[in-house]
Amino acid sequence: MTSSVLAYEKGYAIHVNQPGDSLYYHLDYDERSHDLNMEFQHFHDFYEICILLDRTAAHIIEGSLYEIQPYDMVLLRPALLHKTQYPKGSPPKRLMINFAIPRSMPGLENGYSELFTIFNAQVPIFRFSEERRKEVLAPLNDIFAISQQLSPIQSVAIHHKFVEFLCGLHRYAAENDYVREETGSSMSRRMYAIASYIHSHYQQELSLDEVSRRFYVSAHHLSRQFNKVTGFTFTEYVQMTRIRNAQQLLLHSGEKITEIAAQCGFTSFSQFNRIFNKQNGMSPSAYRRSRPAQDERQMVFAGEGHKVTTSSDPSGGAVGVNRASVISL
């Protein structure tokens with residue numbers, strides 16, 4: 001099946017290379033139902049782009065809520081805490097792109113550094129006019145077509161077209177029409193503002209009383225409403241945010257574990273160790289050993305797990321697959 005703007009076939013996926021390679025692409029054309037909404041914000045060690053193809057949904061990024069419409073492009077850099085909330089009813093179609101591109105290509109380092117600044121936008125969501133949207137998305141349609149025609153240079157062609165897609169986003173970033181809209185009740189908006197505040201102040205001491213005074217709401221009401229909106233108590237949310245950030249430091253820094261605990265807002269190492277064990281089923285030191293830190297240029301992938309049936313690819317490059325089933329993590 002093909003949409004009017006972006007080529008789409010349910011259950012189709014495109015792979016270039018393997019997870020952990022310095023150059024890697026995984027384009028997943030599928031649907032996502034409300035029943036599979038993730039419980040808490042999560043992060044990846046890779047870049048991710050989400051393009052909704054129909055209906056509407058919401059992205060929560062670092063505790064802030066963003067409503068998205070069809071063909072909005074959500075850009076997520078590594079280690080960014082996020083989750084998507086899909087509506088009830090028929091599952092929306094979407095294209096999810098996970099990728100890694102080496103940033104150390106001789107002579108192109110500065111250009112790639114500038115290209116990836118689009119992932120650092122204050123609001124990392126792009127919305128364009130219909131005419132501009134077709135132009136920006138055209139390279140993705142080319143990738144879809146290229147994936148269905150085996151060639152010795154197939155993977156090179158896909159990489160070339162994807163970089164062209166990123167260049168289009170960078171070129172027209174100033175034309176971004178996305179405006180964050182205030183949705184939901186005033187109390188819900190306040191709870192999301194509090195969640196965002198937690199993400200930007202998790203290194204500091206955060207108490208229910210202090211935050212309730214800052215946001216002009218009683219501690220009792222904040223506690224009840226925060227749980228109702230996010231599904232977590234205030235304390236649970238603070239602890240999970242701190243642990244998610246500690247995980248990144250464990251994987252991508254050489255700092256001592258005691259220093260990481262203090263840096264992430266824990267008042268004692270024993271408290272950090274206990275909560276980390278509870279949430280991850282292992283100690284911080286075991287977590288660090290189980291997932292060795294990777295050079296930033298290698299951009300290890302640890303994305304959604306899929307059972308797939310693959311077509312043969314004698315060139316060893318890209319391949320298009322139709323999934324037999326999907327396991328969402």
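**Exercise 1. Confidence along the chain**

Find out how far pLDDT falls over residues 323-329, and how many contacts beyond four places in sequence the model has there.

*Solution.* Start with the stretch itself: over residues 323-329, pLDDT stays under 50. Next, look at the contacts: the model has 23 of them beyond four places in sequence for this stretch. Keep in mind that this is a predicted model. Residues 293-316 also have pLDDT under 50 throughout, and there the model has 63 such contacts. Now step back to the whole chain, where the mean pLDDT is 83 and 83% of the residues reach 70 or more. Confidence is lowest in strand S10 (residues 306-310), with a mean of 34, and highest in H3, at 97.

**Exercise 2. The nonpolar cores**

Which residues have the most contacts inside the largest nonpolar core, and which elements supply at least two residues each?

*Solution.* First, the count: the largest core holds 41 residues, and Phe99, Phe162 and Leu166 have the most contacts inside it. Second, the suppliers: among the elements that give at least two residues each are strand S1 (12-16), strand S2 (24-31), helix H2 (130-147) and helix H3 (154-171). Third, zoom in on phenylalanine 162. Beyond its sequence neighbours up to four places away, phenylalanine 162 touches Tyr25, Ile49, Ile97, Phe99, Ile101, Leu140 and Ile143. Finally, another core lies apart from the largest one; this other core has 17 residues, including Met187, Met191, Ala195 and Phe234. As background, nonpolar side chains in soluble globular proteins tend to be buried together.

**Exercise 3. A sheet of three strands**

In what order do the three strands of the open sheet S5-S4-S7 stand, and why is one side of each edge strand left without a neighbour?

*Solution.* Read the order: S5, then S4, then S7, with antiparallel pairing. Strand S5 (64-68) and strand S7 (82-85) are at the edges, and each has a single partner strand, so one side of each has no neighbour in the sheet. On average, neighbouring strands here are turned by 20 degrees against each other, direction ignored. Now take one pairing: strand S4 (residues 57-61) and S7 pair in the antiparallel sense over four bridges. Here you can spot isoleucine 61 opposite histidine 82 in S7.

**Exercise 4. An aromatic pair**

Work out which kind of pair tyrosine 47 and phenylalanine 119 form, and which parts of the chain the pair ties together.

*Solution.* The whole structure contains 21 aromatic pairs. In this one, the ring centres are 4.8 Å apart and the planes make 65 degrees. Planes over 60 degrees apart count as edge-to-face, and that is the label for this pair. Tyrosine 47 sits in strand S3 and phenylalanine 119 in the loop between H1 and strand S9 (125-126), so the pair joins parts 72 residues apart in sequence. Tyrosine 47 is buried, at 8% relative accessibility, and phenylalanine 119 is buried too, at 1%. Both rings belong to a cluster linked by ring pairs, together with Tyr25, Phe99, Phe116, Phe162 and Phe165.

**Exercise 5. Two residues in helices**

Decide whether tyrosine 197 and asparagine 245 are buried or exposed, and name the residues they touch.

*Solution.* Begin with tyrosine 197 in helix H4 (residues 186-201). Its relative accessibility is 10%, and buried means under 20%, so tyrosine 197 is buried. Beyond four places in sequence, tyrosine 197 contacts Leu206, Glu210, Val211, Arg214 and Phe215. Then turn to asparagine 245 in helix H7 (residues 234-252). Asparagine 245 is buried as well, at 17%. Leaving out residues up to four places away, asparagine 245 touches Leu81, Tyr202 and Cys264.

Note on methods
Residues numbered from 1 in each chain as written. Predicted model: local features only at pLDDT ≥ 70, side-chain atom pairs only at ≥ 80, totals over all residues. Heavy atoms only, no water. Buried < 20%, exposed > 50% of the residue type's maximum accessible area, 1.4 Å probe, protein only. Contact = heavy atoms within 4.5 Å. Core = buried A, V, L, I, M, F, W, Y, C linked by side-chain atoms within 4.5 Å. pLDDT = per-residue confidence, 0-100. Pairing = 2+ DSSP bridges. Axes fitted to C-alpha atoms, helices over the stretch in contact; angles between N-to-C directions. Phe/Tyr/Trp six-rings, centres within 6.5 Å; stacked < 30°, edge-to-face > 60°.
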